[in-house]
Amino acid sequence: RASGQLWYGQKPFTELRNAVDCRALQFDPAVREHMRRQLHLDDAFVVGHIGKTNIPQKNHEFLFSVFAEIHKLRPNAKLLLIGAVPTGRLTALAKELNITDSVLFLGPQSQIADYLQAMDLFMFPSISEGLPVSVVEAQAAGLPVVLSDAVTREVACTPLVQTLSLQQSAEEWAMFGLQPKPPRQSPTAELIAGGWDIRDCAAYLEKIYRG
């Protein structure tokens with residue numbers, strides 16, 4: 001809505017969600033087991049993030065600091081970075097924080113849904129964002145999400161999202177992320193009812209074009 005008001009002011013406009021394939025992203029224990037075995041994660045507590053390392057707004061440095069605190073409490077923890085490639089800056093930081101062997105830079109991936117299955121927690125400490133689709137995808141996969149309060153609140157479309165301030169410490173973020181969570185299940189019906197399913201949005205857009 002904010003984008004529409006920016007571009008069109010008081011003129012009428014139509015809103016469309018940054019929709020995802022809710023059914024394809026549903027939590028699947030079999031896919032989770034396969035991906036964790038393939039990635040050699042065994043019984044690891046897996047923290048996930050999606051974002052390029054050459055985009056400062058993604059705030060990878062803070063993410064690494066939070067994960068380092070998690071790793072102190074859960075030595076078997078792993079940080080799964082989708083879309084990210086190693087940089088000198090982050091490689092040095094990982095070494096400084098003693099988490100080098102626990103950080104997996106997986107680069108760009110086409111099967112995002114499968115990697116989300118392998119995770120236990122999704123962290124998104126961005127300094128600024130519009131409406132990140134990856135956060136909606138994480139919710140569709142049934143992942144608990146710890147989100148920066150700098151990200152638009154519209155993306156918190158289920159109770160799976162908890163918001164923290166970037167003014168809070170890495171220790172606070174870590175403790176919040178490690179709080180006990182209910183058994184994992186996908187809020188598919190809730191997301192579809194909220195207008196977040198790509199099939200419904202595609203049909204609605206087609207109707208607009210035909211009209």
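This report walks through the aromatic pairs, salt bridges, surface patch and cysteines of a predicted model.

## Aromatic pairs

The ring search turns up four aromatic pairs. Take phenylalanine 62 and tryptophan 173: the ring centres sit 5.3 Å apart with the planes at 90°, so this pair is edge-to-face. Phenylalanine 62 belongs to helix 3 (residues 60-73) and tryptophan 173 to helix 7 (residues 170-177), so to speak a link between distant parts of the chain, 111 residues apart. Both partners are tucked away: phenylalanine 62 is buried with a relative accessible area of 15%, and tryptophan 173 is buried at 0%.

Another of the pairs brings together phenylalanine 122 and phenylalanine 124. Here the centres are 6.1 Å apart and the planes meet at 15°, so the rings count as stacked. Phenylalanine 122 and phenylalanine 124 are both buried.

## Salt bridges across the chain

The model holds nine salt bridges. One of them joins the side chains of arginine 23 and aspartate 197, at 3.4 Å from N to O. The two residues come from distant parts of the chain, 174 residues apart. Arginine 23 is in the loop between helix 1 (2-8) and helix 2 (29-38), while aspartate 197 is in the loop between helix 8 (188-193) and helix 9. Their surroundings don't match: arginine 23 is partly exposed, with a relative accessible area of 43%, whereas aspartate 197 is buried at 0%.

Lysine 58 and glutamate 129 make another bridge, with N and O 2.6 Å apart. This pair also links distant parts of the chain, with the two positions 71 residues apart in numbering. Lysine 58 lies in the loop between strand 1 (46-50) and helix 3, and glutamate 129 in the loop between strand 4 (121-124) and helix 6 (133-140). Lysine 58 is buried, at 12% relative accessible area, and glutamate 129 is partly exposed at 22%. Elsewhere, Arg32, Arg36 and Asp120 are joined into one network by salt bridges that share partners.

## A bridge within helix 2

Arginine 37 pairs up with glutamate 33 in a salt bridge whose closest N and O atoms are 3.6 Å apart. Both residues lie in helix 2, four residues apart, which is about one turn of the helix. Arginine 37 and glutamate 33 are both exposed.

## A nonpolar patch

Leu16, Tyr204, Ile208 and Tyr209 make up a nonpolar surface patch of about 420 Å². One of its members, tyrosine 209, sits in helix 9 (residues 198-210). Tyrosine 209 is exposed, with a relative accessibility of 66%.

## Cysteines

How many disulfides does a search of the whole structure find? The count is zero. A disulfide would need two cysteine sulfur atoms within 2.5 Å. For cysteine 22, the closest cysteine sulfur is in cysteine 157, and the 8.3 Å gap is too far for a bond. Cysteine 201 has its closest cysteine sulfur in cysteine 22, at 8.8 Å, and that is too far as well.

Are these cysteines buried or exposed? Cysteine 22 is buried, with a relative accessible area of 0%, and cysteine 201 is buried too, at 12%.

Terms used:
Residues numbered from 1 in each chain as written. Predicted model: local features only at pLDDT ≥ 70, side-chain atom pairs only at ≥ 80, totals over all residues. Heavy atoms only, no water. Phe/Tyr/Trp six-rings, centres within 6.5 Å; stacked < 30°, edge-to-face > 60°. Buried < 20%, exposed > 50% of the residue type's maximum accessible area, 1.4 Å probe, protein only. Patch = residues over 30% accessible without salt bridge, like charges linked within 9 Å, V, L, I, M, F, W, Y side chains within 5 Å. Areas by Shrake-Rupley, 256 points an atom, 1.4 Å probe, with all protein chains shown as cover. Salt bridge = Lys/Arg side-chain N within 4 Å of Asp/Glu carboxyl O.
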